[in-house]
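Trainee: Could we go through this model together, asking of each label what earns it?
Mentor: Gladly; let us have it in front of us.
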Amino acid sequence: MASVAAWLPFARAAAIGWVPIATNPLPPPPMIDSKHRTEDEKLVVNISGRRFETWQNTLEKYPDTLLGSNEKDFFYEEESQEYFFDRDPDIFRHILNYYRTGKLHFPKNECLTQYDEELAFFGIMPDVIGDCCYEDYRDRKRENAERLMDDKLDEEEGGDGIIPEKLRERMWRAFETPHTSTPALVFYYVTGFFIAVSVMANVVETVSCGRVAGRNDVQPCGEKYKIMFFCLDTACVMIFTAEYFLRLYAAPDRCKFMRSVMSVIDFVAIMPYYIGLGLSDDNEVSGAFVTLRVFRVFRIFKFSRHSQGLRILGYTLQSCASELGFLVFSLAMAIIIFATIMFYCEKSVVGSTFTSIPAAFWYTIVTMTTLGYGDMVPSTMLGKLIGGVCSLSGVLVIALPVPVIVSNFSRIYHQNQRADKRRAQKKARLARIQIAKATSGAAFVSKKKAAEAKMAARAAGIAVDDNGKEDIFEMQHHHLLRCLEKTTAQQQELCLQHQAVEPSNRFVGRPKFPKKAMSFRFVGSDGNAFPRVWIQGNMDGPMNRKILMMKVFLVLDAIYGVGNFVLDREFVEVDLPFNGAPKKLGTSPVRSASPDKSKVPNVFSSCYCCQGDPHQLELESGKATPNQGGNCSDSNSGHPHNRKINIGNRREDDFNDVQVRFTHHDDRHKSSSALQTQETSFPSSNIEDTSGEAISDNQTNVKISNL
Amino acid sequence: MQTLCDATGFSISEMKRIYRGFKTECPSGLITEEAFHSIYSRFFPQGAALSSYSHYVFSTLDRNDSGVITFQDFVVGLSILIRGTLEEKLRWTFSLYDQDRDGVISREEMEDVVGSVFDLMGRTGDPISEEAIITERVDQIFQKMDLNGDGVVSIEEFLESCQNDETISRSVQAFTNVHI
């Protein structure tokens, strides 16, 4: 702590008082060169534009922090002669105050994690936070940690996507979280219903149902409709027994399950029935039998599986055990004291009801809880006085622990509410975040493609208009990714993932919408065929199609490299006219082949006419179409056989249409693209359904096969 | 400020520095005894909690017994200790020892001060032997200084014996080049 530095000269000077005491000469002081003596200078610390000025020795007070040591020289700027840090100026204020006053304060309006980060950056340990703020800091840190732990537990529990394989696990999941599947929900409600029925039966069978013929006393319904109640009871118990054994079977840890509270309750609920079956209906044991029936009321606790509020109440009572204990203990003390006094006061009264001290207990309890039945009343003056004191103190003693219990309950209840709310919000939040990420991811990929296309163009000597400055960072980033692609290329199957933003149509059987898969076969400009590339995936929606096209090119790039075939520059998306209606054969109007210049959107749709038949579009390179899969011989269509797909020029950030140019067969227009696309609608036979498994929403499968 | 500088012999920049340090430590501008004590405990971690040395220094600085030290008192005291002549320093030391300001140091006063200086070191554990050491040391000093043998040391005796004593005058140099 270098704030003492200010006083050191004084302390040294005052030490002159020791001089007469010393028997030996004191050592000479250290010689200090004049160059050690630094004039006090001011430093400027620039935090994101806000300038702080301070004396140099203020900062040097704590040499093990960033600002106090030479580490700050890394941030020194010669031109402006200041230290520049790109951090939060508001929090830096507190940090600088630490240097000035020696106390680090924690502001209440700042976020804890942000504060921690700033402290870590400047090399200050949070433990030096002053006493005034330390408690607050610790509390908030603990809350944060708890919250994070809760979230993590939720994630682990939630485990979406993990479909338990085994029957046992599935059953357990169904039991514990009924809202996950329909049969579980059904089971849940059925058991709830039977619990209610059973409890109601217990209640109703004691109601009086009319007189017994020939006897004077009334008969409870349980006697009158004995068989019916017995049947009902049997049914309920069978259901409960079955449930208990199912749960036992499904439990991952059977011993732990058997010891848990709920299973004990279940057990206690069904045992009386079996014991009653075992006992014969003799009068001698009927007393015990009747007692057993009392235990049937425990069935009502089975409802706590169904009600969260009940569970919370249980937790509360558990957590307030000490307060409850205190309540009971103090009550017991007071009861004993008052009962004794009352007894001795009232003992002498003739005909008094206070026959013994335990008898007086009853009076005391009734008085302290302000019930006042009036079955025992004091008659002496002193007795009445004591009675008054007793009732007043009763009010106090009972009122004291109650707020503690209430606040505990409230806290636990709100925690639960918060946890549920967070879980519900989290899903929505994650979905939104993923959408945002997908957009930026897509933009990134497209930029990458654009940049590479430019590079290739330059390499090929084609002039390209250099619009827009290329960010060096991005260029290097793209290069890095390309290297990675090249490294990992030449795989037989690449799986790419993208986030589906629209609900997909599952690839089940024969879809209504063709164009679930596109296959691409690439032919080099010398006519060599490359393996066919199949792209399957979610093609609904412009976003997905965009992404799909990008992925196509990524794949191609990865496998073949840009140099192997030439692309025209920036591409635009394929604008496929999905309106969800299935196209019938031959009904779709064919767009006439456009002359090479005009932009023809929606051209793929014309291939619908070739539904069922792969339609081959070949390069306009003069080669005749090898008749694989057949030309489009559908004469209805009347469209030209050969199409050329040209990914036309367009501006970088304008993903609107893929220009697909179709030319006539005899149009010798040369194209520079070597892309031969073969679109199929599928019946699955045409497409190797990848391993038969359902394609999840966010998967695009790319398969390369040699055909 | 100029008068203060003239009175004490510090330069302007030194004065500024002293004042700034003073004000940072005591924003109110006045030092109380507790503050003084805590400062000393920062310098002498082992024993300053028990020692009353700070009390003696405090009362020496606080000439008018007001219970607080103003900046004036402080800087005047500091100037004596740092920039004063040997005689001035010795006088200051004498007033440190002479707590009741009666002009003479009695044996008890000497013992108190010596004991407090030893306390600064921190109690090593055996109070009896420490007492013995202290008493012996005080005897030594008295022997040296009490020239006329009247059981008390007056200011003249003190000055004379200290100036004549090699050890002492050399030791005084140990604290002289305190630079602000």
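Mentor: Helices (H or I, at least four residues) and strands (E, at least two) are DSSP runs, numbered from the N terminus. This is a predicted model, in which local features need pLDDT of at least 70 and side-chain atom pairs count only at pLDDT 80 or more, while totals for chains, interfaces and linings use all residues. Residues are numbered from 1 along each chain as its sequence is written, chains are lettered from A and ligands numbered from 1 in the order in which they are written, and side-chain values use heavy atoms, with hydrogens and water left out.

Trainee: What is the helix content of residues 227–245 of chain A?
Mentor: Residues 227–245 of chain A are 100% helix and 0% strand, with end C-alpha atoms 27 Å apart. Residues 324–345 of chain A are likewise 100% helix and 0% strand, and there the ends lie 31 Å apart. Both spans are among those that the unreviewed UniProt entry annotates as "transmembrane region"; such annotations may be inferred rather than shown by experiment.

Trainee: How do you know that the span of helix H7 of chain B agrees with expectation?
Mentor: The expected span is 1.5 Å times one less than the number of residues. For the 15 residues of H7(B), 107–121, that gives 21 Å, and the end C-alpha atoms are 22 Å apart, so the two agree.

Trainee: What do the buried residues of H7(B) pack against?
Mentor: Helices H4 (53–61), H6 (86–97) and H8 (127–145) and strand E1 (104–105) of chain B, where contact means heavy atoms within 4.5 Å. Among those buried residues are B:Met110, B:Val113 and B:Leu120.

Trainee: Why is A:Glu205 called buried?
Mentor: Buried means under 20% relative accessible area (exposed is over 50%, partly exposed in between; 1.4 Å probe, protein chains only). A:Glu205 has 11%, so the label fits. This residue is found in the loop between helix H7 (182–204) and strand E5 (208–211) of chain A, and touches A:Phe229 and A:Arg293, among others.

Trainee: How many residues does each chain bring to the contact between chains A and B?
Mentor: Chain A gives 35 and chain B 48. The side of chain A draws its largest share, seven residues, from helix H1 (residues 8–14).

Trainee: How many salt bridges link chain A and chain B?
Mentor: A salt bridge is a side-chain nitrogen of Lys or Arg within 4 Å of a carboxyl oxygen of Asp or Glu. The count between chain A and chain B is zero.

Note on methods: Lists of a residue's contacts leave out its neighbours within four places in sequence.
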